[in-house]
Amino acid sequence: MTTRPEPAPGPLRWAVWLLRAEGVGLALLTLFLLFELFTATATDLLSAVLVTAFAAGGAAALWLIGTALSRRRPAARAPAIVLQLMLLPIGYFMIQGGLAWLGGPLIVLGLLVVGLLISTATNRALGFDTERA
């Protein structure tokens, strides 16, 4: 007889959903960069290829980390937090560059996902001991 696993708590489900949404967003950015790579006049082809590859790698990493967290793999939480904290300086420099409409929400998104990932419910779901004796 098999037992059904307990459903994931809300904060973990939301974190997974947001990580996957970020992955899809980066995948769409990658498609745009590929389009630009093949249609625009490049002044530095190597840089264009590297930026596109970085975006593709980020999209894959976010999707895979989201999948690992949905399967309750505790080791996936730290990389997820690091990727979310990377949104803070990106958002800050976007604000400084005149893109506050995008930089501000990126900062909020990063902090929100980190909060979801370190919540008590997520800690319990991932098997972290929150109450030390």
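Here are some quick notes on the predicted model above, covering its main pocket, one helix pair and one residue.

1. Ground rules. This is a predicted model, so to speak: local features need pLDDT of at least 70, side-chain atom pairs count only at pLDDT 80 or more, and totals for chains, interfaces and linings use all residues. Numbering starts from 1 along each chain as its sequence is written, and side-chain values use heavy atoms, with hydrogens and water left out.

2. The pocket. The largest pocket (an open set of points on a 1 Å grid over the protein atoms alone, with protein on both sides within 12 Å along at least five of seven lines) holds about 700 Å³ of space. Its lining (residues with an atom within 4 Å of a point) has 20 residues, with Leu26, Leu29, Leu62, Leu87 and Ile90 nearest the centre.

3. Who lines it. Helices α1 (10-39), α2 (45-70), α3 (77-85), α4 (87-96) and α5 (100-117) each put in at least two residues; helices here are DSSP runs (H or I, at least four residues). The top contributor is α2, with six. By type, the lining splits into 16 nonpolar, three polar and one charged.

4. The α1/α5 pair. Their axes (lines fitted to C-alpha atoms over the stretch in contact, angles from 0 to 180 degrees between N-to-C directions) come within 8 Å and cross at roughly 145 degrees. On the α1 side, the contact (heavy atoms within 4.5 Å) includes Trp14 and Glu22, and on the α5 side Leu109 and Leu116. Its residues are 10 nonpolar, no polar and one charged.

5. Ala48. This residue sits in α2. Ala48 counts as partly exposed (between 20% and 50% relative accessible area, 1.4 Å probe, protein chains only) because its relative accessibility is 25%.

Key:
On a 1 Å grid over the protein atoms alone, a cavity is a set of points where a 1.4 Å probe fits but cannot get out, and a pocket is an open set with protein on both sides within 12 Å along at least five of seven lines; lining residues have an atom within 4 Å of a point. Grid points are joined across faces, edges and corners, and a volume is the space filled by probe spheres set on the points. Ala, Val, Leu, Ile, Met, Phe, Trp, Tyr, Cys and Pro count as nonpolar, Asp, Glu, Lys and Arg as charged, and the others, Gly among them, as polar.
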